[in-house]
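Please explain how this protein chain is built, moving from one local element to the chain as a whole and then to individual residues.

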Amino acid sequence: MLHLLGPGDRLLSTIEAEHPNVTVLVRGNEVHLRGDVDDVELAERLVREMASLAGSGAVLAPDEVARSKQLLSNGAGPSPTQIFGEAIVNARGRAVRPKTLGQKRYVDAIDVNTVTFGIGPAGTGKTYLAMAKAVQALQRNEINKIVLTRPAVEAGERLGFLPGTLNDKIDPYLRPLFDALGDMLDPDLVVKLMSQNVVEVAPLAYMRGRTLNDAYVILDEAQNTTQEQMKMFLTRLGFGSKLVVTGDVTQVDLPGGNSGLRHASRVLRDIPDIHFAELTSDDVVRHSLVAKIVDAYDEYTSRQEQSR
């Protein structure tokens, strides 16, 4: 019951906010719902789903309550318990799991396909969930190596000459991958795995000429690859390996905007064992304002294209 209600009854307040026509009363270990039959039935389903998740040990937050209510209102597809219930990895005291239907489909696609493209706006968990699946595969001894890479392209700025060693120079480009990995594993373990070359983080240019066997390879920010770079990366695939390619086709920083990710989505879409997972603003799991920002930019871009 404590997990269900949340600190300061904040989850209870969220349930009430999601069902304004239902009165929610808590008496001991019982939740009582009052209101019209249809409204109470929806609220009851939500409370039961939240109770099931709380009973499984899931740490609930108001966002999970709101997303669960949305899933139940849609009526189709898996239940919130099916989406949120099973953790991919337990990372440093907290579970990493899909939080939307789109994310669940993305994670499932990674399981059954050799090459998976995760395409969507910022905050949809493309890289984070791919990293969680990589760590899971390593912990299960399904692979021998994790390779994390991304193109060294600035996001609109011109950084110019960067002083220091090679690692110092590439660190600004690869830092998001380091951060995600640090969330999944103890920092000391990350250092150990990198020193043993079990985890490798490198610029995309370093992939040329290699064949990666028994590896889990993640290409991040793939919208900033050229067509030649994308082809080069995909042909690094070896036996027993998985490739996950993530990117946002609305944030291309290449001169001319000729993105290898866009090109690959047209060329490879009908090939078996290659899957394109499309994530949207509905799958944004950062601050709720991020989804609104994404929608506003998409709407503005659509209006601009229509006016041309």
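**Helix H11 and its surroundings**

On the face of helix H11 that is turned away from its buried side lie the exposed residues Arg266 and Val267. This description, like all that follows, refers to a predicted model.

The opposite character is found in another group of residues of the helix. H11 spans residues 260–267, and within it Gly260, Leu261, Ala264 and Ser265 are buried. These residues lie on the same side of H11 because the arc they cover around the axis is only 140 degrees. The partners of this buried group come from several elements: the buried residues of H11 pack against strand S5 (115–119), helix H10 (227–234), strand S9 (242–247) and strand S10 (274–278). At the start of H11 there is also a polar approach, in which a side-chain oxygen of Ser259 comes to within 3.1 Å of the backbone nitrogen of Leu261. Leu261 itself is one of the buried residues of the helix.

The chain as a whole gives the setting for this helix. Its secondary structure consists of twelve helices and ten strands. The chain has 308 residues, of which 44% count as buried. Among contacts in the chain with a separation of 6 or more, 67% are accounted for by residues 24 or more positions apart. The accessible surface of the chain amounts to about 16400 Å², and carbon and sulfur atoms contribute 50% of this area.

A single interior position may be considered next. Ser68 is located in helix H4, which covers residues 62–74. Is Ser68 buried or exposed? Its relative accessible area is 0%, so Ser68 counts as buried. When residues up to four places away in sequence are left aside, Ser68 touches Leu46, Met50, Pro80 and Phe84. For one of these partners, Phe84, the separation from Ser68 is 16 residues in sequence, and the C-alpha to C-alpha distance is 9.0 Å.

The last region to examine is a patch on the surface. Which residues make the nonpolar surface patch of about 330 Å²? Leu289, Ile293 and Tyr297 form this patch. Leu289 belongs to helix H12, which comprises residues 288–307. The relative accessibility of Leu289 is 46%, and therefore this residue counts as partly exposed. Leu289 thus stands in contrast to Ser68: the former is partly exposed, whereas the latter is buried.

Notes: Residues are numbered from 1 along each chain as its sequence is written. This is a predicted model: local features need pLDDT of at least 70, side-chain atom pairs count only at pLDDT 80 or more; totals for chains, interfaces and linings use all residues. Side-chain values use heavy atoms; hydrogens and water are left out. Patches are made of residues with over 30% relative accessible area and no salt bridge: like charges are joined within 9 Å, nonpolar side chains (Val, Leu, Ile, Met, Phe, Trp, Tyr) within 5 Å. Accessible areas come from the Shrake-Rupley method with a 1.4 Å probe; for residues, only the protein chains shown count as cover. A salt bridge is a side-chain nitrogen of Lys or Arg within 4 Å of a carboxyl oxygen of Asp or Glu. Helices (H or I, at least four residues) and strands (E, at least two) are DSSP runs, numbered from the N terminus. Buried means under 20% relative accessible area, exposed over 50%, partly exposed in between (1.4 Å probe, protein chains only). Contact means heavy atoms within 4.5 Å. The arc is that of the directions from the helix axis to the C-beta atoms. A polar contact is a pair of N or O atoms within 3.5 Å; within protein, one must be able to donate a hydrogen and the other to accept it, and residues adjacent in sequence count only if both atoms are side-chain atoms.
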